[in-house]
Amino acid sequence: MSVKTLAEIRADFPILERKVHGQDLVYFDNAASAQKPRQVVDRISHYYLHQHANVHRGVHALSQEATDAFEAARRRIADFFGAASDREIIFTTGTTNGINLIASSLGKMLEKGSEIVITQMEHHSNMVPWQMMCEDRGMVLRVVPIDERGQINMEAFQNTLNSKTRLVAVNHVSNSLGTINPVEEIIRLAKGVGSLVLIDGAQSAPHMKLNLKELGADFYAVSGHKIFGPTGTGFLYGKEEVLGNMPPYMGGGEMIDRVTIEKSTYQGLPFRFEAGTPNMAGAIGMASAVDYMEEVGFDFIQKQEEELLQYAIKELNNFGGIRFIGEAEKRASLVSFLVEGTHPYDVGSLLDQQGIAVRTGHHCTEPVMDFFGIPGTLRASFAFYNTTEEIDRMMVALDRARKMLS
Ligand SMILES: Cc1ncc(COP(=O)(O)O)c(C=O)c1O
């Protein structure tokens with residue numbers, strides 16, 4: 001159990017008390033971006049008001065203090081996510097940045113004809129960088145299909161792997177279907193053909209306790225804003241023995257060892273991948289978000305989110321005329337669906353008028369929508385601060401929306 005009650009947790013998120021269109025806000029767009037507890041905002045403002053200076057460069061006390069706080073944030077992230085060392089944590093602007101970093105760096109290393117394996121359910125962030133890399137550098141993108149329930153076809157996955165596979169890049173949790181993918185099995189199979197593995201952890205990190213060393217992926221990308229931290233933050237985990245042998249993707253200050261007019265040499269991990277002044281306040285804020293999640297506790301987070309998921313499925317089934325998109329055996333706390341005879345955009349707009357924030361559209365997974373032959377879905381994605389009473393409000397709003405549209 002959490003040391004806090006649900007009411008106390010909700011009180012940490014002042015935005016949950018606001019009104020939208022004159023109605024109490026129900027925020028069910030957590031998969032797009034999670035709300036921030038007061039503790040995270042306070043930590044960032046403390047940094048700016050009392051600790052800020054540029055890091056790593058100064059001999060003066062404030063710079064040392066800012067550097068200590070920034071590097072403590074890195075250690076906190078490494079520790080919380082079970083990395084073997086803080087050198088394995090590269091601060092990024094988010095999952096997209098982490099994946100692009102690997103695509104740019106790996107693109108310089110792999111031979112032409114190398115194969116990159118992804119799945120049909122990837123977010124565009126874990127699809128477009130590989131398309132670009134394959135186009136630029138003569139590699140081959142292989143895409144594993146999904147099934148009607150929104151699960152990876154594991155037989156097809158196994159058949160796609162071969163001696164030319166150099167990287168498997170898969171999401172841990174699908175943002176449009178909610179599917180929790182069998183990443184342990186995917187990593188085991190990929191390792192069987194000697195491939196590297198990148199896991200897109202944008203939608204898993206907010207919901208489950210991770211131990212990256214035990215998981216065994218070579219790379220794992222996370223967005224800070226989805227784990228209750230500030231926007232424009234994130235981290236890329238990379239195994240030291242892999243990432244440490246990869247070339248930098250951006251040049252500039254901080255990442256160099258020695259610069260002459262003719263040539264430069266580069267720092268080791270993590271700095272070789274952090275060119276320029278980093279987002280110190282962001283990293284410190286992200287570490288405090290992790291502190292907050294730990295305080296709430298994953299026992300509470302998982303219990304609350306499972307209850308919300310099951311309740312939403314039950315209520316939507318009772319409502320009738322719902323087509324679920326994504327009915328995997330293992331699911332995270334989101335429901336993606338269509339209301340028969342309506343367009344998701346129209347329903348989403350009518351929900352908004354009633355204070356209910358859900359997302360409509362393709363959720364940056366157009367190939368998933370193509371597979372199901374639909375323009376998009378309504379997606380309600382839950383966080384541990386949501387309640388079943390809020391789902392009741394969504395159901396009342398859905399009923400009104402359907403009546404208005406029919
Ligand atoms: C599965 C998945 N991957 C990647 C991303 C991209 O994350 P960001 O926009 O924070 O870089 C998202 C964002 O929604 C996502 O859901």
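**The ligand site and a cavity between two domains**

In this predicted model, a polar atom in the side chain of histidine 123 sits 3.4 Å from an oxygen atom of the ligand. Histidine 225 has a side-chain N or O atom that is 2.7 Å from a ligand oxygen, and for glutamine 203 the distance from a side-chain N or O atom to an oxygen of the ligand is 2.7 Å. On its own, the ligand would expose 390 Å², and the protein buries 85% of that.

So much for single contacts; next comes the full set of neighbours. The residues around the ligand are Gly94, Thr95, Thr96, His123, Ser125, Asn175, Asp200, Ala202, Gln203, Ser223, His225 and Lys226. Sorted by class, this shell comes out as 9 polar residues, 2 charged ones and just 1 nonpolar. As for the space the ligand takes up, that turns out to be the largest pocket.

Pockets are open, but the structure also has an enclosed space: it holds 1 cavity of 30 Å³ or more. The volume of the largest cavity is about 60 Å³. Its lining is made up of Asn30, Ala31, Ala34, Gln203, Pro206, His207, Lys226, Phe228, Glu305, Ser381, Phe382 and Ala383. Here the classes split into 6 nonpolar, 4 polar and 2 charged residues. Gln203 and Lys226 belong to this lining, and both also turn up in the shell around the ligand.

Where does the largest cavity lie? Domain 1 (6–30 + 297–405) supplies some of the lining residues and domain 2 (41–294) supplies others, so the cavity lies between the two domains.

Note on methods:
Residues numbered from 1 in each chain as written. Predicted model: local features only at pLDDT ≥ 70, side-chain atom pairs only at ≥ 80, totals over all residues. Heavy atoms only, no water. 1 Å grid on protein atoms, 1.4 Å probe; cavity = no way out; pocket = protein on both sides within 12 Å on 5 of 7 lines; lining within 4 Å. Points joined across faces, edges and corners; volume = space filled by probe spheres on them. Nonpolar A, V, L, I, M, F, W, Y, C, P; charged D, E, K, R; others polar. Domains from an automatic or database assignment. Near = heavy atom within 4 Å. Polar contact = N/O pair within 3.5 Å; in protein donor to acceptor, adjacent residues only side chain to side chain. Areas by Shrake-Rupley, 256 points an atom, 1.4 Å probe, with all protein chains shown as cover. Sits in = over half its atoms within 2 Å of the grid points.
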